[in-house]
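Welcome, and please have your viewer ready. We will move from one selection to the next and look at what turns up at each stop.

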Amino acid sequence: MKIGIDIGGSHIGIGLVDGYNLIDTIDRFFSKDDKKDITNAIIRIIDELLNELLNKNNVSINMIEGIGVASPGTITDGKITSFNLGLKSFDLKSKLKEKYHLNVSVRNDGKCAAMVEKVYGAMKDYDDCVFINIGTGIGGAAFLGGKLLEPKKYSGFEFGHMTLVKNGIECTCGKKGCFERYCSIKALKTKITNTLNIDSADISGQYLREELMVKYHDEVQNDINEFIEYLKVGVCNLIDIFEPEIICFGGSFSYYEGHPVLDKLIEEINKPESTFNSEKHKIVTAQFKNDAGIIGATIS
Ligand SMILES: [Zn+2]
């Protein structure tokens, strides 16, 4: 049994994991105060949630084999640098090791989610795969010949920060026109709530997808079309680079299975003029949905 921790842009989720089974999970959203002192908040929230989870399941810490953390950003030797969270070389690995005396691994959240889909989920029967995690930001991973591609120094595969628009919207990474500025679910939510002139703070992903986009279909159609156009360009670039047998969408975008936005995107990607090798591409959504980070973090 392992502990999986998923640090997101807005919350922390923690779970008891056995293989690909998520035995139990709890989570907590960051408050405005938490964001002012994010490193201490992360350590405090993990400690509170971990104790709550163990107590709730009558499990003691010495029954735990290890802790895996999925985090946004670049991870170097267990240290997290994330522009979205405001973390710079935050040594969470050492802090958790000292506290719980367990093996701790920290990995980029996109890679964790990709691992769980490759080992247990939607990509398990394929060798050449591209996984694109679309949520607050955009991350991902690629497998060729069944092997996860990993550069030596940094995380690599910063799909979200490839430049899509010359001199475009400024990004938290310091560049301009990054893919995730146009195609994250956060970017889509910002666009739609701006158009409808409503506060985006309390809008959940589900409400955005099932209520706003349906009820105000005509008003937000331009925003949605633009989102699909940009996303198509980014995804087709990745298809042309990696020639994957399968493309899997994870993160909150995985909940768009069967939604007109994803259906339209797939239709656009599969047009003969969209990619270099104009064949039909296999495009699926992640099976493990938002639990992918927690479970994937524990795969060694
Ligand atoms: Zn960027």
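Before the first stop, one cut-off: a residue is called buried when its relative accessible area is under 20%. Keep in mind too that this is a predicted model.

**Stop 1: strand E4**

Select residues 66–71, which form strand E4. With 6 of its 6 residues buried, E4 is largely enclosed by the rest of the structure, so you may want to hide what surrounds it. Now look along the strand: Gly 66, Gly 68 and Ala 70 point one way, while Ile 67, Val 69 and Ser 71 point the other way. Residues of both sets are buried.

**Stop 2: the partners of E4**

Next, add strand E1, residues 2–7. E1 and E4 run parallel and are joined by 4 bridges. To find your bearings here, pick Gly 4, which stands opposite Gly 68 of E4.

Then bring in strand E8, residues 103–108. E8 also pairs with E4 in the parallel sense, over 6 bridges. Which residue of E8 is the bridge partner of Val 69? Label Val 106 and you have found the partner.

**Stop 3: Asn 108**

Stay in E8 and select Asn 108. Is Asn 108 buried or exposed? Its relative accessibility is 11%, so Asn 108 counts as buried.

Show the side chain of Asn 108 and draw two distances:

- From a polar atom of that side chain to the backbone oxygen of Gly 73, you should read 2.8 Å.
- From the side chain to the backbone nitrogen of Gly 110, the distance is 2.9 Å.

Now widen the selection to the contacts of Asn 108, leaving aside neighbours within four places in sequence: Ser 71, Pro 72, Gly 73, Ile 75 and Ser 155. You have met Ser 71 already, as a residue of E4.

**Stop 4: the zinc ion**

Finally, centre on the zinc ion and show ND1 of His 161 together with the SG atoms of Cys 171, Cys 173 and Cys 178. These atoms coordinate the zinc ion at 2.0 to 2.3 Å. Why is the arrangement tetrahedral? The 4 donor atoms subtend angles of 107 to 120° around the ion, which makes it so. For reference, the ideal angle for four tetrahedral donors is 109.5 degrees.

Along the chain, the donors follow the spacing H-x9-C-x1-C-x4-C. His 161 and Cys 178 both lie in the loop between strand E11 (147–148) and helix H5 (179–183), so the pair ties together parts that are 17 residues apart in sequence. Colour by accessibility to finish: His 161 is buried at 17%, and Cys 178 is buried at 0%.

Conventions
Residues numbered from 1 in each chain as written. Predicted model: local features only at pLDDT ≥ 70, side-chain atom pairs only at ≥ 80, totals over all residues. Heavy atoms only, no water. Donors = N, O, S within 2.8 Å, 3.2 Å for Na, K, Ca; no water. Tetrahedral: all angles 85-135°; square planar, octahedral: opposite > 155°, others 65-115°. Helix = DSSP H or I, 4+ residues; strand = E, 2+ residues; numbered from the N terminus. Buried < 20%, exposed > 50% of the residue type's maximum accessible area, 1.4 Å probe, protein only. Polar contact = N/O pair within 3.5 Å; in protein donor to acceptor, adjacent residues only side chain to side chain. Contact = heavy atoms within 4.5 Å. Pairing = 2+ DSSP bridges.
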